[in-house]
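Me: I would like to go through this protein one feature at a time. Please keep the reasoning short and end each reply on the value or name I ask for.

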Amino acid sequence: MVKTLDEVLLGEIEGFKELGYQFLNGEISKMDFKGASGGMGVYAHRNKKDFMVRFRVPSGIVQWNVLQFIHDYAVKYGVEQVHLTTRQAIQLHGISMDQICEVIEAGIKQGIYTRGSGGNYPRNVAISPLSGVEKGEAFDVSPYALAVGDYFLQKIYTYKLPRKLKVAFSNSEEDAANTGAVDLGFLAVEEKGKKYFRVYLAGGLGRNSRLGAEFPERIKPEDVLYHVEAATQIFMSEGDYQNKNKARMRYILDRMGEEEFMKCYRAHLLKVKQGGDRTLFVTGKEYNKTGIKTDVKSKRLIEQKQEGLYSVYVHPAGGQLSLKDMELLFDHVKVIPEAEIRLAMSEGFYIRNLNGQEAENILELTRHIGGENRLERSVACIGVPTCQMGILDSQETLKEVIGYFKEKNFTEDVLPEIHISGCPNSCSAHEIGKIGFCGKRINIQGEAKDAFELHLGGKLGVGKARLADYCGDILRENVPAFLYEIALELSKTNKDFYDWIEEDRPRLEEILSHYTIQ
């Protein structure tokens, strides 16, 4: 008798618990445990006692029962906050192995999964968080992303990939889901009244980052699953299973060259098409709520393409959302007719489908959470002392920066969002940020010092995508003052950040010479 997905996943828990206690008892190494735990959506904390579990929130589209479930178990375990990730998922930190297994089991029984949210598996499928309501979008990519996510989930335990596989869908050329820098990206376009996807392959962030190569032809939306399977097959066929550091799809492209890679990809695509029907038929959501206009102005307020309807952006600092603020969402947002919550790629979230009056109320209710200016909307990975792979404390560094600006009473919204990764793993996507930092330790006159690699000028979007330039190393203690000096220049010149770094290069170089380690 064939087991259901839930039966298979429930059957894995006891063996995983045994492995967890072997790790806790020192019988296996942290790397051996990580190799198995990642696939369960679990990672050990740096203290080798506590653990983190990551819940798959399909494409960041939050269902109230899922949010309630995570909240209730956080309360039960004495966790004071949850972490919103840059992959549109939610993490619980600082819980025991028994609690990990309990919450995974309870989640499966309610259709809430952690399997494959880490490790060498297809990860949560990312999307533009305003897809379906954003002005200027080609079309709503939400149903396609959800279908691909479910396609992965139904056989998640069967994958034997060299490393993780990231898929993303963007609804416009602004590329809010980073499709140009993932293993497989679908970017929606409309041409002559017809819907298509531009497809990007073998991009990725981290060490040796690269932008994806564009598949030469536009594809029909119903052909998405053929490309998902072809990308999976070329990854398994050509990926490096021996060298973990060279195991991502981008290294296949580097090794083959773009022409040979596309030739190989086409061969896999043809084989997939000959292997059976994977035509995808989806139905999008209709948004027909009655709108009410508002004259309120806020940088967190986004006017939807549906007249009189709005979305409000909320950004808890560093993606750390308190349980008290989760409860606020239950009390005030859940009761709003047809309101939605969607997680962003920036550790924040959008409350969507609000009329003007509702939007005004939500703006006021969420003002204390954060995101009023771009600096507050900065991204920081979980970092030290939590992450076992981390080098520096990203969260504390972000707090130091924000605190420094408050001490200086600098309130102008001139500095762009910053991206702080505690190590080269790029969990904050620092390589595509306007200002990015990557944690490291360096030796200065025989003394180990905390420092950050500085990356400037990254961006995504059709026709303008570029990886940030590495501009030297800065001691962690000097990061707030460096950013403050940049902010002063932006205020004085009244220029956009990108314009300033290109047009005022001599001044930028002068500042860099003062702060970077020579």
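Reply: A residue is called buried under 20% relative accessible area, exposed over 50%, and partly exposed in between. The model here is a predicted one.

Me: Is Lys48 buried, exposed or partly exposed?
Reply: Lys48 is found in the loop between β1 (42-44) and β2 (51-55). Its phi is near 60°, a positive value in a residue other than glycine. The relative accessible area of Lys48 is 49%, so the class is partly exposed.

Me: Is Gln445 buried or exposed?
Reply: Gln445 lies in the loop between β18 and β19. Gln445 is not a glycine, although its phi is positive, about 50°. The relative accessibility of Gln445 is 83%, and the cut-off is over 50%, so Gln445 counts as exposed.

Me: Why is strand β5 described as largely enclosed?
Reply: Strand β5 covers residues 90-95, which are 6 residues. Strand β5 is largely enclosed by the rest of the structure because the number of its residues that are buried is 5.

Me: Which residue of β5 stands opposite Phe55?
Reply: β2 and β5 pair in the antiparallel sense over 4 bridges. Strand β4 (residues 81-84) also pairs with β5 in the antiparallel sense, over 2 bridges. Leu84 stands opposite Ile90 in β5. The residue of β5 opposite Phe55 is Ile90.

Me: Which residue in the turn between β4 and β5 has a positive phi?
Reply: β4 and β5 form a hairpin, with 5 residues between them. The positive phi in the turn is about 60°, and the residue that has it is Gln88.

Me: In what order do the strands of the open sheet with β16 run?
Reply: The sheet has 5 strands, and its pairing is mixed. Its edge strands, each pairing on one side only, are β16 (379-380) and β20 (469-475). The order is β16-β17-β18-β19-β20.

Me: Which residue in β20 stands opposite His455?
Reply: Strand β19 (residues 447-456) pairs with β20 in the antiparallel sense over 5 bridges. Opposite His455, in β20, stands Tyr470.

Me: At what angle does helix α12 run to β18?
Reply: Helix α12 (residues 479-493) lies across β17 (418-421), β18 (435-444), β19 and β20. Buried residues of α12 include Phe482, Leu483, Ile486 and Leu490. The angle of α12 to β18 is about 140°.

Me: What span does α12 reach from its first C-alpha to its last?
Reply: α12 has 15 residues, and the span expected at 1.5 Å a residue is 21 Å. Just after α12, Asn494 takes a positive phi of about 60°. The reach of α12 is close to the expected value, at 21 Å.

Me: How far from the sulfur of Cys387 is the nearest cysteine sulfur?
Reply: A disulfide is a covalent bond between the sulfur atoms of two cysteines. A search of the whole structure finds 0 disulfides. Cys387 is in no disulfide, and the nearest cysteine sulfur is that of Cys423, at 5.8 Å.

Me: Is Cys387 buried, exposed or partly exposed?
Reply: The relative accessible area of Cys387 is 24%. Buried means under 20% and exposed means over 50%, so Cys387 is partly exposed.

Me: Is the pair of Phe169 and Phe186 stacked or edge-to-face?
Reply: A pair of aromatic rings is described by the distance of the centres and the angle of the planes. Phe169 in strand β7 (residues 167-170) and Phe186 in strand β8 (residues 184-191) are 17 residues apart, and both are buried. Their ring centres are 4.7 Å apart and their planes are at 15°, so the pair is stacked.

Me: Is the pair of Phe405 and Phe410 stacked or edge-to-face?
Reply: Phe405 is buried, with a relative accessible area of 5%. Phe410 is also buried, at 14%. The ring centres of Phe405 and Phe410 lie 5.8 Å apart with the planes at 85°, so the pair is edge-to-face.

Me: Where does the cis peptide bond from Val384 lead?
Reply: The omega of this bond is near 10°. The residue that follows Val384 in the bond lies in the loop between β16 and α11 (394-407). The cis bond from Val384 leads to Pro385.

Note on methods. Residues numbered from 1 in each chain as written. Predicted model: local features only at pLDDT ≥ 70, side-chain atom pairs only at ≥ 80, totals over all residues. Heavy atoms only, no water. Pairing = 2+ DSSP bridges. Contact = heavy atoms within 4.5 Å. Axes fitted to C-alpha atoms, helices over the stretch in contact; angles between N-to-C directions. Disulfide = S-S within 2.5 Å. Buried < 20%, exposed > 50% of the residue type's maximum accessible area, 1.4 Å probe, protein only. Expected span 1.5 Å × (residues − 1). Phe/Tyr/Trp six-rings, centres within 6.5 Å; stacked < 30°, edge-to-face > 60°.
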